[in-house]
Amino acid sequence: MGNKPLNVIEFYDVGASNPQDDHHFDHHYHNDHHSLEGPSTPHEGMEFDSEHSARIFYNSYARRIGFSTRVSVYQRSRRDASIICRQIVCSREGFRRKATDHKFKRHRTITRVGCKAQLTVKKLTSAKWAVTKFIKQHNHELVPPDKVHCLRSHRHVSGPARSLIDTLQAAGMGPSGVMSVLIRESGGINNVGFTKVDCQNYMSHTRQRTLGAGAQVVFDYLRQMQADDPAFFFAVQGCHPISITTDQDRIIRAAVLQVFPATRHRFCIWNIFKEAQERLSEVYQSHPSFDMDFQKCINMTDTVDEFESCWESLIQKYDLRDSEWFQSMYDARQQWVPVYLRDTFFGDMSMLQGSDSIHSYFDGYINASTNIQGLIKQYEKAIATHFEKEVKADYDTMNTPPLLKTPSPMEKQAANLYTRKIFMRFQEELVETLAYAATVIDDIGLSITYRVTKFGEEQKTHFVTFYIFEKRASCSCQMFEFSGIICRHILAVFRVTNVLTLLPCYILKRWTRNAKTQVVFYEHDRGLASDCQESLATRCDNLRREVIKYIEEGAESLDTYNVAMDALHEATRKVAAAKKQNVVHAKNALVNGSEQLQPSCLVEDNKIQDLTAELEHASQKCEAYRTKLLAVLKDMEEQKLKISVKFQSVRSNLKY
């Protein structure tokens, strides 16, 4: 046995080496017998200080010649298990094993062609490493200098490049923008030293490292907010969302599948349209009609068969059969094409707003490198900004009645219930019914099926089933199931069946003016509002909103300010009196009840104690609100005084 070496096989790439390889190269290679000024071609007998130096030298040689390297087999000593022989080969050495169908689902490019080129080094007794075998010839074409940077063993994100990427990523720049800067700063793509994919991978790993302490930070923040603000309330749900919309990032897809396995996952359609402009730029430039045809295929097809036919027409018309990206989007069609998703509620806003609305909420506040802690801080800033827009939208909805286009009672009802934007979307569907005809095609007594077609487009048909006793309907377009907005086809059937108002089941709370309160009140049941028992959180929310309006109106002028302050003091006095009165009633009920109810006195006593505790809690919250309101009004008064002083000063200066 003695010192006979043991053969061990190991496969890995030089390109996957430590990020500090640049430093290793400088340290090892310059200490070898052969410096950079020495022979540039390997030969048998050449010596190196270490195995790593030999690998670096051969990889540098490979870059000049035009091929990529990888480490192949090695041998270990049986005496101390140290590596004593190493073989470095061309990356196209050997052949890939044939994979069975159940292992790989996608076609992989053939890269192994049995190339024999290699460099074998062996450790000497002097601790040096010597070349014992060198095969120069390759059985494939070599890569020209302007493409060699794409080879795997020559792709490396260096230290200076990492620093620049980190800086640009922190500024919110994406991989494409970062690569543009790197190419410009390096003097060309050949000098960057890595590809866009390497840049994307590095930026992705950076994001993962900066995620912070995770969800616990968010929970701690919410608990602190609740402790600081009596009006703040939060709760964690024990259930998965019905649907979720993200971009088609591989890591996000895996995370959604793991965390929300029962949730319907959809890719953002606007992201896909944007990516199409990049991936199919030549098609867009040479065929101006492609954009309209592509969007029509995605958004205007009502059935799977219609979509499939339209997609095939796109392939034929614009010669897209060889486009890998176009094919990949077709393979993933069930996760982004609306016709495959209409049976699931997405509260789809892409059909209600522009493409920028989905992404604009946090624009300018966060970027790819923002961690959890930073996200919370920026979230507060974003909320403050958007709250102003929300107040304006609420004001418009409440104070500027929309223009009605029909005498329909349903339109008037919707105008009083929906927010402005949702009403306009509903109004569009309602007006369109004037061009639609609903024809009975099946009547089984309990339900009637209608064929609904638009005048002049009779070849495009939708089918609506109307349930007579429930006065409700379902449509083949599934618009209501998908977006929560009732479609023109159902409205056309309602018109011919004399359904003049919307039933509650067709009015989603999220689209109404009262979406932020606990109960949605309809015109026919507004009288029941006083009977509704609202939760403490809802009462606090309602009070806060009324107070905000009160402050805005009360601060308009000095007269309204004085009136508002007097009314506030009077309201504070009445609230305090009501609290005392409630406590007295509770105590009296306790005394009187104890004389009459012997068996259940303990139960009643507990109820009264709970009531007393709730009253005390409400008292504390009212006092907190009062303190905050007084502080706000005081601050406004001080600001008003400062402005008045400045105004008088400016006025005096103008006189002189």
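At what angle do the axes of helix α14 (residues 409-417) and helix α15 (residues 420-432) cross, and within what distance do they come? In this predicted model, the two axes cross at roughly 170 degrees and come within 9 Å. Because angles over 145 degrees count as roughly antiparallel, α14 is roughly antiparallel to α15. The crossing of α14 past α15 is right-handed. On the α14 side the contact is formed by M410, E411, A414 and A415, and on the α15 side by F423, F426, Q427 and L430. Sorted by class, the residues of this contact comprise six nonpolar, one polar and one charged.

A second helix pair is formed by α10 (residues 290-299) and α11 (residues 304-318), which pack at an angle of about 160 degrees with their axes 9 Å apart. These two helices are therefore also roughly antiparallel to each other. Here the crossing of α10 past α11 is left-handed. From α10, the residues F290, D293, F294, C297 and I298 take part in the contact. Their partners in α11 are F307, C310, W311, L314, K317 and Y318. The contact of α10 with α11 contains nine nonpolar and two charged residues, and no polar ones. An α-helix has 3.6 residues a turn, so residues three or four places apart point the same way.

Helix α2 spans residues 51-65 and contains 15 residues. From the first C-alpha to the last, α2 reaches 21 Å, close to the 21 Å expected at 1.5 Å a residue. Of these 15 residues, 11 are buried, so α2 is largely enclosed by the rest of the structure. The buried set begins with the run E51, H52, S53, A54, R55, I56, F57, Y58 and N59, and also includes Y61 and A62. Charged residues are represented in this set by E51 and R55. After α2 comes G66, which has a positive phi near 115 degrees.

Outside the helices, T497 lies in the loop between α17 (488-496) and α18 (536-554). The relative accessible area of T497 is 14%. Since residues under 20% count as buried, T497 is buried. Leaving aside residues up to four places away in sequence, T497 touches Y450 and F466.

Methods: Residues are numbered from 1 along each chain as its sequence is written. This is a predicted model: local features need pLDDT of at least 70, side-chain atom pairs count only at pLDDT 80 or more; totals for chains, interfaces and linings use all residues. Side-chain values use heavy atoms; hydrogens and water are left out. Axes are lines fitted to C-alpha atoms, for helices over the stretch in contact, and angles run from 0 to 180 degrees between N-to-C directions. Helices (H or I, at least four residues) and strands (E, at least two) are DSSP runs, numbered from the N terminus. Angles under 35 degrees count as roughly parallel, over 145 as roughly antiparallel, 65 to 115 as roughly perpendicular and the rest as oblique. A crossing is left-handed if the near helix is turned anticlockwise from the far one by less than a right angle, and right-handed if clockwise. Contact means heavy atoms within 4.5 Å. Buried means under 20% relative accessible area, exposed over 50%, partly exposed in between (1.4 Å probe, protein chains only). The expected span of a helix is 1.5 Å times one less than its number of residues.
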